[in-house]
Amino acid sequence: MALDQSFVGRTYPATEPYEVGREKIREFAEAIGDTNPAYTDPEAAKALGHPDVIAPPTFVFSVTYRAAGAVVNDPQLGLDYSRVVHGDQKFAYARPVRAGDRLTVVSTIESIKSLAGNDVLSIRGDVQDEHGEHVVTAHTTLVARAAEEAS
């Protein structure tokens with residue numbers, strides 16, 4: 001069953017704050033194999049003009065993914081998550097994520113399209129710090145595969 005187009009524009013409440021820690025940034029950078037010292041060494045980050053270590057650009061996915069869960073798990077939307085694959089991910093940064101940030105995310109359904117029986121859901125996650133400063137906007141595309149027809 002196709003997702004309801006009336007959900008386009010629906011905004012979900014802000015998440016609880018996620019505190020970005022140096023160790024989480026280091027672990028993430030290590031996991032993706034990025035050895036940029038700005039991710040692990042506060043002095044290297046300060047030499048680049050940052051107040052503390054910064055996170056690799058894709059780090060924020062772990063924060064916005066949780067926020068998108070409010071959309072995905074909305075029973076009124078009716079998305080069958082067992083049929084969902086991650087279609088695309090983009091980030092538009094106002095500034096890097098830094099250790100010590102307390103980030104919240106507001107998720108909005110930007111579009112719902114049906115293509116060849118599949119539902120394509122685009123979610124925008126607006127990320128702010130504890131001062132209300134915009135940090136990054138994440139654009140997530142999810143594809144709910146069409147149910148297989150019984151033969």
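Biologist: How many bridges join strand β2 to β5?
Modeller: Happy to start there, and bear in mind that this is a predicted model. Strand β2 covers residues 84-93 and runs antiparallel to β5. One facing pair is F91 and A138, the latter in β5. The number of bridges joining β2 to β5 is 9.

Biologist: And which residue of β5 is the bridge partner of Q128?
Modeller: Strands β4 and β5 run antiparallel, with 10 bridges joining them. They form a hairpin with 5 residues between the strands, where G132 has a positive phi near 80°. The partner of Q128 in β5 is H134.

Biologist: Is strand β5 largely enclosed or open, and how many of its residues are buried?
Modeller: A residue counts as buried under 20% relative accessible area. Strand β5 spans residues 134-144, and it is largely enclosed by the rest of the structure because many of its 11 residues meet that cut-off. The buried number is 8.

Biologist: Is F59 buried or exposed?
Modeller: F59 sits in the loop between α2 (42-47) and α3 (61-72). Beyond its neighbours within four places in sequence, its contacts include Y18, F28 and V97. Its relative accessible area is 3%, and the cut-off is under 20%, so F59 is buried.

Biologist: What is the phi of A116?
Modeller: A116 lies in the loop between β3 (102-115) and β4 (118-128). With a relative accessibility of 81%, A116 is exposed. Most residues other than glycine have a negative phi. A116 is not a glycine, yet its phi is positive, at about 55°.

Conventions. Residues numbered from 1 in each chain as written. Predicted model: local features only at pLDDT ≥ 70, side-chain atom pairs only at ≥ 80, totals over all residues. Heavy atoms only, no water. Helix = DSSP H or I, 4+ residues; strand = E, 2+ residues; numbered from the N terminus. Buried < 20%, exposed > 50% of the residue type's maximum accessible area, 1.4 Å probe, protein only. Contact = heavy atoms within 4.5 Å. Pairing = 2+ DSSP bridges.
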